[in-house]
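Work through the exercises below with the model open. Try each task before you read its solution.

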Amino acid sequence: MTWLFSSRPSQRSLTKITAVFAAVFTSTFASAQISVKPTKEKAPEAEETQVSSEQMTGRPDREIVLERDVEIVRGGTTLTADHATYWIEEDEVEASGNVKMNRFGDRYTGDKMRFKIDEGQGYVLNPTYHMKANNAQGKADRIDFEAEDRALITQGTYSTCEGPDPDWYLKSNTMNLDNGRDIGTAGATLIYFKGVPIIGTPYMSFPLSDARKSGVLAPSIGTTSTGGFEVAVPYYFNIAPNRDLTLTPRYIERRGFQLGADARYLDTNYAGETKIEFLANDAQTQTNRYSYASIHNQRITPQASFGWNVKGASDDNYPSDFSRNLATSTERLLLRDLYFSYGESFWSATARASSYQVLQDPLSPITRPYDRLPQFTLQGGRQDVNGFDWNAVGEATRFWHPDLVRGERYVVNPSVSYPIVRPGYFLTPKVSLNAATYNVQDPLTNISSTYSRSLPTFSLDGGLVFERETSIFGDAATQTLEPRLFYVRTPYKDQSQFPVFDSALADLSFSQIFSENRFIGNDRISDANQLTFAMVSRYIESSGAERLRVAVAQRLYFDDQRVCLPISGQTTCAPNDETSSDWLASGTLRVSNTLSTEGNLQYSATQKSVSRANAGVSWRPEPKKVLNLTYRRDVPNELKQVDVSGQWPIADRWYGVGRVNYSLPDSKVSEGLIGLEYKADCWIFRVVGQRIPTATGKSTSSLFFQLELSGLTKLGSDPMEALRTSIPGYQVINKPSNVTY
């Protein structure tokens with residue numbers, strides 16, 4: 001078994017031996033300091049060797065005996081000792097008494113050293129060592145320099161902590177450090193932390209640089225409320241510089257043994273990743289549980305590409321039982337998508353087939369989306385053709401559903417516009433046409449029907465930009481005033497008999513309020529005789545940074561909105577006779593370099609109430625100090641939450657991290673995270689607890705413990721993803737201040 005400890009820190013081998021001395025002396029003992037040049041035919045490039053001591057004896061063509069204050073220097077290597085003997089023909093030196101060697105910044109001490117300078121071979125007894133590149137140090141009974149880039153350490157220690165008594169170190173009977181392959185291996189090994197052995201192994205390996213290597217990664221240990229105690233020991237295969245594979249056997253106390261695999265590859269013309277998890281005979285469900293996810297994108301030629309995005313799971317509860325983050329634990333629609341595309345300068349074509357696996361929550365069921373089997377899309381466009389911009393989209397899709405009406409939809413949507421952009425204003429008239437034909441079949445009655453429509457749309461988008469010099473908070477700034485009007489006219493056509501394959505009413509937002517269609521998708525084209533007006537004002541500093549931004553917008557309806565979507569479970573819908581949309585307001589303010597705020601509001605003038613709102617403030621006074629406060633309200637979805645998160649030093653070397661997402665209507669915590677981080681000079685300890693919702697009325701709690709030994713490994717379970725996603729602005733405490741995770 002091989003252990004691979006973290007490959008991210010850069011490490012150098014204990015030995016990086018080069019030629020230290022010339023092979024043969026050609027001078028005599030005329031003084032206590034001499035320069036020796038090589039005479040061997042093979043080494044004309046060897047550097048000159050400087051030898052000095054208080055006394056020299058011996059034969060100048062065979063051996064030299066050096067006594068007291070011995071110093072031998074060649075290039076980047078300096079050797080000092082009390083006594084030394086140098087054999088010229090063998091190019092070998094033996095030193096004893098306070099032996100010290102400095103080689104290109106790497107330092108060694110010992111009682112006795114014997115070393116073949118040209119070959120980089122030898123040994124040192126009772127040594128200590130310190131490596132410049134990664135600050136690794138230790139001591140041993142013996143170090144054998146086996147070659148220029150290989151060394152064997154016997155009964156030695158290894159640590160990247162400073163000082164004679166490091167907080168952590170590994171101790172092994174043998175350690176092989178191979179700088180040529182950037183690999184360190186060790187026999188029977190114990191890792192000590194604060195003088196206490198915390199983990200042991202009969203064999204392990206670790207990288208000597210940031211290069212990847214095959215081997216066992218550090219084990220991950222943790223606990224969850226759904227699975228209990230968990231331990232995983234991943235094995236990493238460095239197949240090639242651009243591809244790798246990680247196998248992860250995991251023991252889950254309440255479930256059994258799970259095997260995971262994660263394969264990644266990256267090249268100039270393709271990239272992808274495939275993940276698989278399998279658990280045979282779950283102890284709680286007595287069934288086989290599995291999941292898979294695969295993404296691939298490949299360029300065949302500069303114009304052609306294909307790929308897929310495929311996900312699947314064995315059952316509805318797999319994400320909530322086994323996922324370890326909020327995004328995947330609440331995922332209910334698993335996409336299976338395959339595509340092929342071809343594009344030239346002004347046009348592109350795409351063919352795809354897609355379907356979904358639906359993971360149902362019994363307390364909150366969802367309707368299965370339609371499968372597209374297949375879909376063909378053709379799009380083309382040109383800009384500034386005699387001042388005109390044109391675009392055309394064609395689509396042919398076969399929609400399939402096991403229970404609902406199914407059929408084909410053919411859509412053509414050409415458009416042409418004439419943008420007029422001048423300093424201080426812009427005006428863009430546009431004309432478009434949406435033509436569609438449906439061939440549908442009812443699987444219950446086996447009756448086929450055909451529907452068609454052809455609807456033109458005219459729009460006019462225009463705005464002004466005013467500027468003036470002013471100041472904000474005492475700083476010079478430029479204030480802008482940017483009014484904008486957007487008019488849309490689309491005639492009404494009864495579309496109540498048309499099926500609804502992939503369309504929905506779009507949520508009102510600043511991006512949607514300037515769109516021509518109130519619906520997402522092509523199944524409904526809204527009738528429109530409407531005008532959107534908006535006002536934006538910005539304060540821009542001389543550096544170009546935006547200090548303040550305020551925007552308001554509303555849409556006015558001159559006619560009733562007769563096109564609508566049926567409510568779930570009904571076949572008809574009621575037109576909307578409101579004369580205006582809700583008000584939208586948005587604002588951002590950077591009070592200082594450390595304090596910023598933002599807010600968004602949707603206000604119903606007819607009901608005189610707030611439909612949606614969110615407001616937040618973020619304070620980041622120093623690196624690794626951040627506090628966030630956010631309020632969210634969504635009346636249609638019955639959501640009212642307060643979210644508080646932050647990272648803050650609470651004592652010397654101690655940092656607190658946390659997040660609370662509190663539901664006001666339910667008077668309970670929806671999501672929560674709390675933890676502590678401790679940063680020492682050469683290690684970090686983290687303990688983090690997290691609670692996330694996984695289904696209606698259900699949640700999962702996880703506990704992470706991690707000990708990061710700088711330059712060696714991370715032991716325990718990894719909470720970094722939870723910290724990064726839960727706390728905006730979180731910074732890793734052992735990275736430079738300008739680096740975030």
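**Exercise 1. Is Arg142 buried, partly exposed or exposed, and which residue does the side chain of Arg142 meet in a salt bridge?**

Step 1. Get the accessibility. Arg142 has a relative accessible area of 29% and is partly exposed. The classes are: buried under 20% relative accessible area, exposed over 50%, partly exposed in between (1.4 Å probe, protein chains only).

Step 2. Find the partner. The side chain of Arg142 meets that of Asp144 in a salt bridge, at 2.9 Å from N to O. A salt bridge here is a side-chain nitrogen of Lys or Arg within 4 Å of a carboxyl oxygen of Asp or Glu.

Step 3. Classify the partner. Asp144 is at 16% relative accessibility and counts as buried.

Step 4. Look for shared partners. One network of salt bridges joins Arg255, Asp282, Arg289, Asp315 and Asp321.

A note on the basis. This is a predicted model, in which local features need pLDDT of at least 70, side-chain atom pairs count only at pLDDT 80 or more, and totals for chains, interfaces and linings use all residues. Residues are numbered from 1 along each chain as its sequence is written, and side-chain values use heavy atoms, with hydrogens and water left out.

**Exercise 2. How many salt bridges are there, and which parts does the pair Glu54 and Arg68 tie together?**

Step 1. Count. The rule gives 39 salt bridges.

Step 2. Take the pair. The closest N and O atoms of Glu54 and Arg68 are 3.0 Å apart.

Step 3. Place both ends. Glu54 lies in the loop between strand E2 (49–52) and strand E3 (55–59), and Arg68 lies in strand E4 (residues 63–74), so the pair ties together parts 14 residues apart in sequence. Helices (H or I, at least four residues) and strands (E, at least two) are DSSP runs, numbered from the N terminus.

Step 4. Check exposure. Glu54 is partly exposed at 49%. Arg68 is partly exposed at 42%.

**Exercise 3. Which strands hold Arg114 and Glu92?**

Step 1. Confirm the contact. The two side chains, Arg114 and Glu92, meet in a salt bridge at 2.8 Å, N to O.

Step 2. Place them. Arg114 is in strand E7 (residues 106–116) and Glu92 in strand E6 (residues 92–103), so this pair links parts 22 residues apart in sequence.

Step 3. Classify. Arg114 is partly exposed at 23%, whereas Glu92 is buried at 11%.

**Exercise 4. How many bridges join E44 to E45, and how many join E43 to E44?**

Step 1. Apply the pairing rule: two strands pair if DSSP finds at least two bridges between them.

Step 2. Take E43 (residues 609–619) and E44 (residues 626–634). They run antiparallel, joined by 8 bridges. Val617 has Leu629 in E44 as its bridge partner.

Step 3. Take E44 and E45 (residues 639–651). They also run antiparallel, with 9 bridges. Arg632 stands opposite Gln641 in E45.

Step 4. Inspect the turns. The E43 and E44 hairpin has 6 residues between the strands, and Lys624 there takes a positive phi near 65°. The E44 and E45 hairpin has 4 residues between the strands, and Glu638 takes a positive phi near 55°.

**Exercise 5. Which peptide bond is cis, and where does Phe473 lie?**

Step 1. Recall the background. Most residues other than glycine have a negative phi, and most peptide bonds are trans.

Step 2. Check omega. The bond from Leu373 to Pro374 is cis, with omega near -5°. Pro374 is in strand E29 (residues 371–385).

Step 3. Check phi. Phe473 has a positive phi of about 55°. Phe473 lies in the loop between strand E35 (466–472) and strand E36 (475–490), and counts as exposed at 51%.
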